[in-house]
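Got the viewer open? Let's take a short walk together, one selection at a time.

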Amino acid sequence: MEATFVAKPSELKEQLLQKIEQFFEGDDRPVTVTLKRDDVPRYDPQELLKRMQETRQKYPPKKIDADIDINKLIDEMYWEGNH
C-alpha cells in the first residue's frame with residue numbers, strides 16, 4: 001500500500017497521526033515521512049556542472065599502463081627518504 005498525506009507542521013497533531021496509523025493497522029512495515037522545503041537550494045546545479053567541467057579541463061584524466069604496480073608506487077611515495 002502506498003499513501004501520500006500532505007500536512008503543514010502545525011497540523012501534525014496526535015489525532016492526525018492516530019488516523020494515519022489506522023490505515024496501516026496490522027502492517028508492521030516502516031513508514032517514511034518526507035519533509036518538503038521551499039527553500040532555495042544551497043547550490044546551483046548548473047554552476048556545479050560548469051565547475052566540474054572546468055576541473056576536468058584543468059586536470060584531464062591520465063592513462064596508465066594496465067600492468068602498473070600501484071602498491072610499488074605507494075611504497076615509493078611513502079618511503080622514509082622521500083619526505
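## Start with the whole chain

Show the surface first: the accessible area of the protein comes to about 9,300 Å², and carbon and sulfur atoms account for 53% of it. Keep in mind as you look around that this is a predicted model.

Now switch to a cartoon. You should find three helices and zero strands, and reading from the N terminus the order is simply α-α-α. The radius of gyration is 27 Å, well over the 12 Å that the globule rule gives for 83 residues, so the protein is more spread out than a compact globule. Turn it about and picture a box around the C-alpha atoms: along the principal axes that box is roughly 70 × 35 × 25 Å. Buried residues make up just 2% of the 83 residues.

Next, colour by charge. There are 14 positive and 18 negative side chains to pick out, and the centres of these two sets sit 9 Å apart.

## Stop at D27

Select D27, in the loop between α1 (14-23) and α2. Is D27 buried, exposed or something in between? Its relative accessibility is 27%, so D27 counts as partly exposed, because that label covers values between 20% and 50%. Then add F5 to the selection: F5 and D27 are 22 residues apart in sequence, and their C-alpha atoms lie 18 Å apart in space.

## On to I68 and its patch

Move along to the loop between α2 (45-58) and α3 (70-77), where you'll meet I68. With a relative accessible area of 35%, I68 is partly exposed.

Which residues join I68 in a nonpolar surface patch? Select I64, I70, L73, I74, M77 and Y78 along with I68. Shown as a surface, the patch they make covers about 700 Å².

## Finish at E76

Last stop: pick E76, which belongs to helix α3. At 41% relative accessibility, E76 is partly exposed.

How far is E76 from K36, C-alpha to C-alpha? Draw a distance line between the two C-alpha atoms and you should get 51 Å, for a pair that is 40 residues apart along the chain. Zoom out again with that line still drawn, and you can set it against the box of roughly 70 × 35 × 25 Å that the C-alpha atoms fill.

Terms used:
Residues are numbered from 1 along each chain as its sequence is written. This is a predicted model: local features need pLDDT of at least 70, side-chain atom pairs count only at pLDDT 80 or more; totals for chains, interfaces and linings use all residues. Side-chain values use heavy atoms; hydrogens and water are left out. Patches are made of residues with over 30% relative accessible area and no salt bridge: like charges are joined within 9 Å, nonpolar side chains (Val, Leu, Ile, Met, Phe, Trp, Tyr) within 5 Å. Accessible areas come from the Shrake-Rupley method with a 1.4 Å probe; for residues, only the protein chains shown count as cover. A salt bridge is a side-chain nitrogen of Lys or Arg within 4 Å of a carboxyl oxygen of Asp or Glu. Helices (H or I, at least four residues) and strands (E, at least two) are DSSP runs, numbered from the N terminus. Buried means under 20% relative accessible area, exposed over 50%, partly exposed in between (1.4 Å probe, protein chains only). The radius of gyration is taken over C-alpha atoms; the globule rule is 2.2 Å times the number of residues to the power 0.38. Lys and Arg count as positive and Asp and Glu as negative; His and the chain ends are not counted. The place of a charge is taken as NZ of Lys, CZ of Arg, CG of Asp or CD of Glu.
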